[in-house]
Each structure stands twice: as structure tokens, then as C-alpha cells.
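Colleague: Please take one strand of this model and go through it closely. I would like its side chains, its cover and its neighbours in one connected account.

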Amino acid sequence: MRISRRTVVVGAGLLTSVLAVSACGASEGAGGSDSASGKIEGQVTFQTWNLRAHFKDYFEGIVADFQKKYPDARVKWIDQPAEGYPEKLSADAAGGTLPDVVNVSPDLAYPLAKAGLALDLEKAAGKYRGEYLDGAWRSLRMPGLSGVYAFPWYLNTGPMFYNKELFRQAGLDPDKPPTTYDSLFRDALVMARRSDRRTAMLASTPAIEDFGRYGVRLMNARGTEFTFNEPKGVELLRHYKELYTAGALDSQALTAQAESAGRKFQQQSVAMNPGSALDLQNFKKDAPSLYRHIGITDTVNNTGKANMYVQGLMVNAQSKVKPAAVAFAHFVTDRRNQMAFARKVAIFPSTRGSLDDPYFTREDGTDATRVRVASAKSLGTAVNYTPVVLSEQMKNVLRNAVARAVQGKQSPKAALDGAVAACNRLLATG
């Protein structure tokens, strides 16, 4: 898995393939019971997502430590490239060749769990639940299913970076960046007006997590229908239309990807952009003129809860070495090993109490530590706003609806009503 605050989403092909497997009977017992009791022995295949290049020694050390603790068990580590990972899971699911332990994000776990290919860890390993943050554990529950379908692994969230010099030029206080959506919209309009539309505040339109941070109810309580067209969702989209018309939203925002929005910020043509400690390191190296003016604040939201990006380790429900697979997945995600990983890269452990470590609470005057401490603090109450059932096709539906509304081709209400109806149809037929 790429160490990133954004995750790759499941394509329609993965969902279709996996559910086809389910229809052929994979969910009937899924290779045996949910029990993980028994001797820890046999060979466990363990698949990560684009981690070997930078963390080979770390994972080889974990494997060696596990095999030392359990001499009758062996682990074969497989690492897949970032590109095509969902398709690789799809092929393995369809062919019955899923590894015993698989690195997944919640959206990748959902179709596998629905097909009966992911072990319910609340049944098989519920004794470990108390070791993990509540929000991280809950993020791996799946709508329509009871249970949890992966051990929480590493987490990420990020601050909002802003350009203090652009704030000064607009007559805005560089030490008081917006932290709520109302203040963001107000400051964005001021900046566009005072810069004669040369400087936009933002470079991207709202995605589903932005609706969540705004306080929009994204789905009904059962997770069976989307509801982001409620009045608050329409209100958010009206604000973005106003920003776009005023030049406070970058002219290319309708087609911007996260990477292009980041480039706009690095080029100092937009004033704010979300990011992570990794981005801060890149600014220092590649954009020193921006780095001199960099400001760091909490991500704008109305809920008081940051967005949590989650990675997990799923155990294959058809594994022939379930006791060893569960033991290894827990071993990788235990507090000691997660802390060791967090010291190697800008991610955060999902284990309870880890974020109280001085590494995540004590500042040393550097910006990198400031980002780490602020992000760790926000993760204590963070939630994963993106519904696990939101497929790439659904995201495209929402993205297109937002574009139509922002350009004035359709009213915000009509655009969101259409998007919700389309997403609900896809959900019902998926």
C-alpha cells in the first residue's frame, strides 16, 4: 500500500468479479469456520501493497521475529506494485488464490467481505479488539454485515497547508487561517477580490469526505442509501458555485486531481491545500520559496473530527492456516510493530495508547514534528468519512454532478438529487 493520505478505490471490475465468486458459493462457509483456534503452524502468505522498495528490512525483520516466536510457522512475503492492485485482488479472488493475509483499505475489503472471502475478526479474534482505537476498529465494519473484516493497521490524516505570504497580500491575517467552512468561504472571496482573481484559495471541488466534514449526512443509518443531497449538502455545493464564479476556486478545479492541486499550491497560485508530513518534506526540498512562507493548520471542518485514512490486514476466510494467519496479522499490527513502522515513515499507529507516546506528543521546534504532533492529536477522535460502499463509478457520478452545479449547468439541488439517485441505483444493483 502506498504511504499516502489518499487510497486507491475499488473499480467496478473488482466488485463484479468478487461477487461472482460469492454467487458460486464462496460465502458458504468460506473455506471453513470462523474459528482461529488451533496450533500456529504452516506457511502464511502475506501480501503488502508497494512497500518492498522502501521497507524491505523492516518487513523481513517482522517475518524473522514471528518465525522465532512460532517455530512451526513460516511466512512468505509478497509485495504487489501500486498500479493495478485492485485488479490483482480481483483476479486472485476470482481464481481462489488470495493470500492468507492481505493489505487492504476498507473499500477494498468491502466486496471481499460481502463475498465471504474476508474472515470476521470480531468472531475469530475479538479478544484483540481492545488493543485498537475505536474509530480504527469501526472503520473496518461493513454495511449490511456484522463483524469486522481486517485488523486496523496504519492510519493517516493530514493538516491543511497555507501560504502566509498570499494571505498577507490579500490583507488576511497570516496567523489566523480559516478553520471552519464559513470562515474559509469568507476569506476565499476576499482573496479573490483583492488579488483581482489572480489567486484562488482552493484548487479542487468537494469530494465525499468534504461533504462529511461539512456535516452532511452521507448515508442512512443502515448504510443502504446515500443521503448527501440533504439540504446541508446542497448548501455546501452552493458555496462552491459562488467561489468558482468569483475566481476563489481555481479555474481548473473541475478536472483537477489531488496531484495537480498539489502542484498548483507548490507553484503558489492557490493559497491552501491539504497534505501530510511527506508533502512538507517535499516543499522543503523542491519549493524552498514556498517553504519559507508555509503555514500549518487543522483541516477545515464543521464537525470537530478529522478525516481518517485507514489501512488494514485482512485474513482470507478460505485460508488453510487460519490460526497462523490470524496470529501473524495481529503480530504485524500490534503496538510494538506499529510504533516501529511509524518511526520509519510519516504514518500513525492504530493501536490504543500509541498516540500518547512522546514521539507523537512532544514538539522539538521543527515543522515536521509539529505536523506529526497535530495529526496524532486529531486521530484520537477522527473518523473515516468515505463510505466503504462508494465505488469509483459512484465517485465519478458525484464528481460530474459537482462540476455541473459549479459551472451553473444545473442547480446544486438537482445535481445532487441526480447523483444520489444514480449512486443508489448502483448500490442496489451492485
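**A close look at β8**

Modeller: Tyr309, Gln311, Leu313 and Val315 point one way from β8, while Val310, Gly312 and Met314 point the other way, and all of them are buried. In a regular strand, side chains alternate between the two faces of the sheet. Buried means under 20% relative accessible area, exposed means over 50%, and partly exposed lies in between (1.4 Å probe, protein chains only). Strands (E, at least two residues) and helices (H or I, at least four) are DSSP runs numbered from the N terminus.

The model is predicted: local features need pLDDT of at least 70 and side-chain atom pairs count only at pLDDT 80 or more, whereas totals for chains, interfaces and linings use all residues. Residues are numbered from 1 along each chain as its sequence is written, and side-chain values use heavy atoms, with hydrogens and water left out.

β8 is mostly covered, with seven of its seven residues buried. Two strands count as paired if DSSP finds at least two bridges between them. Strand β3 (residues 101-104) pairs with β8 in the antiparallel sense over four bridges. Here Val101 has Val315 of β8 as its bridge partner.

β8 (residues 309-315) is also joined to β4 by four bridges, and these two strands run antiparallel. In this pairing Phe151 stands opposite Leu313 of β8. Leu313 and Val315 point the same way from β8.

β4 takes the picture one strand further. Six of the six residues of β4 (residues 151-156) are buried, so this strand is largely enclosed by the rest of the structure. Two bridges join β4 to strand β9 (residues 348-349), again antiparallel. Tyr154 stands opposite Pro349 in β9.

For context, there is also an open sheet of three strands in the order β6-β5-β7, with antiparallel pairing. Its edge strands are β6 (272-274) and β7 (294-297), each pairing on one side only. Strand β5 (residues 160-163) is joined to β7 by four bridges, and Phe161 stands opposite Ile296 in β7.
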